[in-house]
Amino acid sequence: MTKPSLPELLHAAVTAVGGTERPGQVTMAEAVAEAIDDASHLLVQAGTGTGKSLGYLVPALAQGERVVVATATLALQRQLVERDLPRTVEALHPLLRRRPEFAMLKGRSNYVCLHRLHEGVPQDEEEGLFDQFEAAAPTSKLGQDLLRLRDWADETENGDRDDLTPGVSDRAWSQVSVSSRECLGATKCAYGAECFAETARERAKLADVVVTNHALLAIDAIEGAPVLPQHEVLIVDEAHELVSRATGVATGELTPGQVNRAVRRAAKLADEKAADQLQTAAEGFERLMELALPGRLEEIPEDLGYALMALRDACRTVISAIGGTRDKSVQDEDAVRKQALASVESVHDVAERITNGSEWDVVWYERHEPRGGAAYRHSGASLRVAPLSVSDLLREKLFSDRSVVLTSATLKLGGDFNGVGASLGLGPEGTEGDDLPRWKGVDVGSPFDYPRQGILYVAQHLARPARDGDRADMLDELTELIRAAGGRTLGLFSSMRAAQLAAEELRSRIPEFPILLQGEETLGELIKNFAADSKTCLFGTLSLWQGVDVPGPSCQLVVMDKIPFPRPDDPLTSARQKAVEEAGGNGFMAVAATHAALLMAQGAGRLVRATGDRGVVAVLDQRLATARYGSYLKASLPDFWFTTDRNQVRRSLAAIDAAAGQAESQAD
């Protein structure tokens with residue numbers, strides 16, 4: 001039997017999911033197959049509606065080697081495992097004459113821990129464990145969540161938190177889950193044979209396709225602890241998120257609350273002298289943190305250096321002391337010891353990392369508003385350390401020994417792939433060297449006709465936005481646009497404060513158009529309500545720039561209040577800009593403008609989600625039309641028809657609203 005061709009396989013898969021074959025999808029599948037065949041790397045930009053998951057799944061399944069697919073969002077993981085993979089495998093089975101297996105794998109703390117559930121949680125204040133179900137009042141929200149978790153744990157097949165609906169608070173989940181550091185290990189745990197996390201790992205070892213998330217991929221690469229099974233092909237979907245997720249994994253944090261928790265846990269098992277040493281070091285650290293002012297620490301102040309060395313040394317002493325003692329009076333001592341060690345080791349590792357001081361690390365203080373109550377009295381300040389860049393790490397760990405395909409609707413910024421490539425540790429496209437991986441970029445376009453379906457409007461007449469300045473003219477403009485659009489507006493704001501102010505003001509100005517505000521309900525609920533009523537508007541910040549998929553007439557106006565540059569006082573951003581400048585580059589363009597371009601491309605992508613969608617992306621920031629970097633940002637956006645004519649836009653919005661209203665009344 002002749003081997004089926006890629007177009008045959010793709011046709012079978014697209015038919016099975018009820019989709020339509022698109023030229024961009026075929027181009028993408030061919031490019032992915034070629035990259036896998038010659039063990040090279042590929043960056044592929046595939047616009048919304050291309051059908052990119054089949055564009056990589058079909059060639060990956062056809063080549064027969066093990067594949068890891070990493071995504072940034074839970075929604076896409078679900079889509080792959082519950083819809084795309086089952087149907088694709090079924091469709092390809094007769095042609096390939098084999099049935100590829102697939103599995104989902106997440107970090108250990110995503111699965112319910114049977115030991116915690118049945119034996120209890122090591123308690124900080126008392127010896128041994130306590131029954132969290134008995135301790136929480138059954139009438140309290142926590143008590144109700146815990147009882148529901150216990151019932152769910154008896155029924156669930158995989159113990160995955162994301163399968164629990166409705167979800168529970170982080171506080172409730174922490175009572176029934178463990179981190180990898182706290183885990184006793186399958187061989188030492190009475191529940192090892194039934195463990196959900198271990199079962200997921202075993203399933204992944206046997207699967208041909210393993211679906212995971214960016215964070216687990218970064219842990220696997222950066223921490224050098226193999227979590228993922230050996231694989232020949234890595235596909236990173238939603239790849240525009242990878243650098244920030246990898247940075248998150250590589251970031252360490254110390255807070256007084258976290259250090260005090262380690263002290264309490266160690267006190268149960270360490271001898272008095274070791275416990276006292278840690279207590280004294282913790283008190284010294286806490287005193288300093290009370291005085292901490294937010295901002296970058298270019299050099300570690302002497303008093304902080306001493307406090308961190310004292311913490312590091314005390315943690316070492318406690319780790320040795322805990323390792324060598326047995327205390328039969330402590331109930332389920334192994335679990336108590338493991339949790340205590342995990343707490344102390346995480347404090348030790350961050351204290352040591354900052355004390356050792358690397359020119360590649362950025363250290364800063366951060367202050368958060370305390371959320372009230374004694375339980376949060378230590379939430380005010382944290383000491384953080386993050387890598388100046390993860391590009392070298394990613395180049396070294398990600399692109400060796402396997403073919404890597406990175407895909408997203410937004411990888412081409414300012415007209416080429418080099419900006420995103422550089423953030424991943426890749427040289428300019430087409431360059432090769434001893435330590436530079438070979439890669440190419442392919443833009444397969446979009447099935448949408450952007451110049452006909454959308455308008456990009458820049459409100460050039462508005463005053464240039466000043467940081468935290470009064471923007472009365474912007475609110476006037478926004479009011480008029482929403483009126484012209486008949487509601488149907490997604491408002492993307494550069495800060496939560498700006499979103500709140502706009503929602504408050506416009507609720508009183510135009511009460512006929514309900515305004516939903518991020519944070520007042522769960523994101524899922526907000527998006528559902530926004531989609532259900534075309535007069536409704538939804539305002540919010542970061543997660544709305546990327547997480548909203550509302551095709552049709554409910555979203556015909558996407559407004560950005562201003563270009564979303566990172567805050568100039570953000571320690572990591574400013575350190576990265578400075579490093580680029582010291583190396584002779586343009587720090588603003590490489591860091592701030594790239595960050596803004598990526599977010600704007602994602603935000604503008606919320607407008608056209610289907611072939612029938614029409615609308616306007618309105619940027620209420622004159623700099624997109626007037627500043628030198630404006631052309632770079634515009635080149636990163638879909639190719640909408642461009643205007644700065646406010647009257648033209650109002651007429652267009654009114655016409656789009658009238659057409660949508662007519663279609664809605666006919667549908668009724």
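## Strand 15, helix 27 and glutamine 577

In this predicted model, 3 bridges link strand 15 to strand 17 (residues 537-540), and the two strands run parallel. Within that pairing, glycine 491 has phenylalanine 539 of strand 17 as its bridge partner. Strand 15 is also joined to strand 18 (residues 557-560), again in parallel, by 4 bridges. The pairings are set out below.

| Strand paired with strand 15 | Bridges | Orientation |
|---|---|---|
| Strand 17 (residues 537-540) | 3 bridges | parallel |
| Strand 18 (residues 557-560) | 4 bridges | parallel |

In the pairing with strand 18, leucine 492 is bridged to methionine 560. Strand 15 itself (residues 489-492) is covered on both faces: Thr489 and Gly491 are buried on one side, and Leu490 and Leu492 are buried on the other.

Strand 18 also takes part in the packing of helix 27, whose buried residues pack against strand 14 (454-458), helix 19 (472-485), strand 18, strand 19 (615-619) and strand 20 (641-643). These buried residues are Val649, Arg650, Ser652, Leu653, Ile656 and Ala660. They lie on the same side of helix 27, because they cover an arc of only 165° around the axis. The face turned away from this buried side carries the exposed residues Arg651 and Gln666.

At 1.5 Å a residue, the 22 residues of helix 27 (residues 646-667) should span 32 Å, and the 31 Å between its end C-alpha atoms agrees with this. At the start of the helix, a side-chain oxygen of aspartate 645 comes within 3.0 Å of the backbone nitrogen of asparagine 647.

Glutamine 577 is placed in helix 23 (residues 571-582). Its relative accessibility is 18%, so glutamine 577 counts as buried. Beyond its neighbours within four places in sequence, glutamine 577 contacts Gly587, Phe588, Val591 and Ala592.

Notes
Residues numbered from 1 in each chain as written. Predicted model: local features only at pLDDT ≥ 70, side-chain atom pairs only at ≥ 80, totals over all residues. Heavy atoms only, no water. Buried < 20%, exposed > 50% of the residue type's maximum accessible area, 1.4 Å probe, protein only. Pairing = 2+ DSSP bridges. Contact = heavy atoms within 4.5 Å. Expected span 1.5 Å × (residues − 1). Arc of directions from axis to C-beta. Polar contact = N/O pair within 3.5 Å; in protein donor to acceptor, adjacent residues only side chain to side chain.
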